[in-house]
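These are my notes from a session of looking things up in one model. I took the topics one at a time and wrote down what I found.

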Amino acid sequence: MSEQNLVVLGATGSIGLSTLDVVSRNEEQYRVFALVAGQNAEKMAELCSRHRPKYAVMSSEQAAQQLSQHLTGTTTEVLHGVEAMAEMARHVDVDIVMSAIVGAAGLLPTLAAVEAGKKVLLANKESLVMSGQLFMDKVKAHGATLLPIDSEHNAIYQCLPTTIQTGQSSNLSHSGVSKILLTGSGGPFLQRSLASLASVTVEEAVAHPNWSMGRKISVDSATMMNKGLEFIEAKWLFNCSADDIEVVIHPQSMIHSMVQYRDGSVLAQMGQPDMRTPIAYGLAYPERIDAGVEPLDFSQIVDFTFTKPDFNRYPNLKLAIDACRSGQAATTTVNAANEIAVAAFLEGKIGFCDIYRVNALTLEQSTLSVLKSVESIMETDRTARHRAQQIIATLR
Ligand code: NAD
Ligand code: MG
């Protein structure tokens, strides 16, 4: 196959760097066309000198100016702003777009890639949580290829029948699927006493036992809001209802999720907790390429356990599942509130258990209407952020 041009949205982050690592191992197949990031001009400069993209886009003009200084004398053109990010994602020369910006900021560039019918590798779960129906409608209307990168959804995708994978069928039960089993480790506080959760520090919350990730998703894993967002993500990706999905706690993170069939079979995808596996799968689908990941060594596995999640320990998980049943306005609202609450927690402004308070109160105080356009989704997102900020001010 000829070389494919790749855009990495969120290039300086955990998923972005893992993507570039896989690309480096398969240089004859992928060429880095554009790199996109937020503010870290220094890291971006390093990546540009290594991968020599045609374009590099930063979120602000200031960061773009810093990057330009680092890149004088190179052929990389430096741009900034959301429109430039979207332009890269929809560029005619681009084949594959890795969507790995964190949070709602990823929505517009990801939708641009979908609308241009690209092969979209989706790590940015927040965009699907915000715009599920509209997003999936656009995938269909524009003939985009959507491959889930979130490890659980990638695992589920791998365990589904080819007719579903290739879009020939979109009905799970007609294909014999009876349940999607979404696994999660339970995060760093699975065993911690409930009474001591209020005093959790930022360092404790971002120290995930199995995965190394960005700070926002690490906190989401500790509250299990991450599993809640993934629950909503699964509903949209696999065209199923909340009743078709079950969350299973599996602390070892070796099974990345499972699919149960009508005849009693359960298919699981397993591997090291290393995002380079789902990234390599998405890049090469339906082929397989080297990801640099060590094989599982079964002689070293001591424990392999499963339990049910306790909603007293993880109230954010329950909140997100309820929002999933309620609809799009609720999921957009809870996602926005959570981004604000997690940022406030990371800045030391609120406590760990306040994250749930902010999320629940924001939802409670919001009027939920039907969201049909990107504009109404963005408006709901803005309103919820504003409300969450006000609630945080009253908590302090
Ligand atoms: P991260 O914090 O390490 O990286 C985030 C990236 O987004 C950085 O490159 C940053 O510069 C960029 N960014 C932030 N704001 C931006 C803006 N306004 N415009 C453009 N770029 C911006 O996060 P991560 O852990 O790599 O996660 C990225 C996404 O992937 C998240 O949606 C997360 O939920 C999802 N995800 C991550 C993992 C993981 O293992 N890290 C696993 C599954 C899903
Ligand atoms: Mg995940």
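**Metal site**

I looked up D150 and E152, and both are buried. The model is a predicted one, and I read every entry below with that in mind.

Which residues coordinate the magnesium ion (ligand 2)? I found D150 (OD), E152 (OE) and E230 (OE), at 2.1 to 2.2 Å. Along the chain, the donors follow the spacing D-x1-E-x77-E. Two of the names in this site, D150 and E152, are thus the buried residues with which I began.

**Second largest pocket**

I next looked up the second largest pocket and noted about 740 Å³ of space in it. Its lining is made of 25 residues, and those closest to the centre are M136, V139, G167, S170 and L237.

I then asked which elements supply at least two residues each to this lining. They are α6 (125-141), β7 (145-148), α8 (162-165) and α11 (225-237). Helix α6 gives the largest share, five residues. By class I noted 13 nonpolar, nine polar and three charged residues in the lining.

Where does the second largest pocket lie with respect to domain 1 (4-148) and domain 2 (169-272 + 295-322)? Both domains give residues to the lining, so the pocket lies between them.

**Largest cavity**

I looked for cavities of 30 Å³ or more and found one in the structure. The largest cavity holds about 40 Å³ of space.

I listed its lining as S151, N154, W211, H256, Q269, Q272, D274, T277 and P278. Helices α7 (151-159) and α12 each supply at least two of the lining residues. By class, the lining of this cavity has two nonpolar, six polar and one charged residues.

**Helix α12 and the loop after it**

Because α12 had come up in the cavity lining, I checked how covered the helix is; it spans residues 276-284, and eight of its nine residues are buried. The buried ones are R276, P278, I279, A280, Y281, G282, L283 and A284. P278 is therefore both buried, at under 20% relative accessible area, and part of the cavity lining.

I went on to the loop between α12 and α13 (315-326), where P286 is found. Is the peptide bond from Y285 to P286 cis or trans? I found it cis, with omega near 5°. Most peptide bonds are trans.

**Helix α14**

I compared the length of α14 (residues 328-346) with what its residue count predicts. At 1.5 Å a residue, its 19 residues should span 27 Å, and the end C-alpha atoms are 27 Å apart, so the two agree.

How many of the residues of α14 are buried? I noted 17 of 19, and entered the helix as mostly covered. Just after α14, G348 takes a positive phi of about 75°.

**Positive phi outside glycine**

Most residues other than glycine have a negative phi. I looked up two residues with this in mind.

M224 has a phi near 65°, a positive value in a residue other than glycine. I placed M224 in the loop between α10 (215-223) and α11. Its relative accessible area is 2%, so M224 is buried.

S257 is not a glycine either, and its phi is positive at about 155°. This residue sits in strand β10. S257 has 0% relative accessibility and so counts as buried.

**Strand β10 and two C-alpha pairs**

I stayed with β10 (residues 255-261), which also holds M258. M258 has a relative accessible area of 10% and is therefore buried. How far is the C-alpha atom of M258 from that of A268? The separation is 4.3 Å, for residues that are ten apart along the chain.

The other pair I looked up is S185 and P251, which are 66 residues apart along the chain. Their C-alpha atoms are separated by 4.0 Å. S185 lies in the loop between β8 (177-184) and α9 (202-206). I noted 10% relative accessibility for S185, so this residue counts as buried.

Notes:
Residues are numbered from 1 along each chain as its sequence is written. Chains are lettered from A and ligands numbered from 1 in the order in which they are written. This is a predicted model: local features need pLDDT of at least 70, side-chain atom pairs count only at pLDDT 80 or more; totals for chains, interfaces and linings use all residues. Side-chain values use heavy atoms; hydrogens and water are left out. On a 1 Å grid over the protein atoms alone, a cavity is a set of points where a 1.4 Å probe fits but cannot get out, and a pocket is an open set with protein on both sides within 12 Å along at least five of seven lines; lining residues have an atom within 4 Å of a point. Grid points are joined across faces, edges and corners, and a volume is the space filled by probe spheres set on the points. Helices (H or I, at least four residues) and strands (E, at least two) are DSSP runs, numbered from the N terminus. Ala, Val, Leu, Ile, Met, Phe, Trp, Tyr, Cys and Pro count as nonpolar, Asp, Glu, Lys and Arg as charged, and the others, Gly among them, as polar. Domain bounds come from an automatic or database domain assignment. Donors are N, O and S atoms within 2.8 Å of the metal (3.2 Å for Na, K and Ca); water is not among the atoms, so sites may look incomplete. Buried means under 20% relative accessible area, exposed over 50%, partly exposed in between (1.4 Å probe, protein chains only). The expected span of a helix is 1.5 Å times one less than its number of residues.
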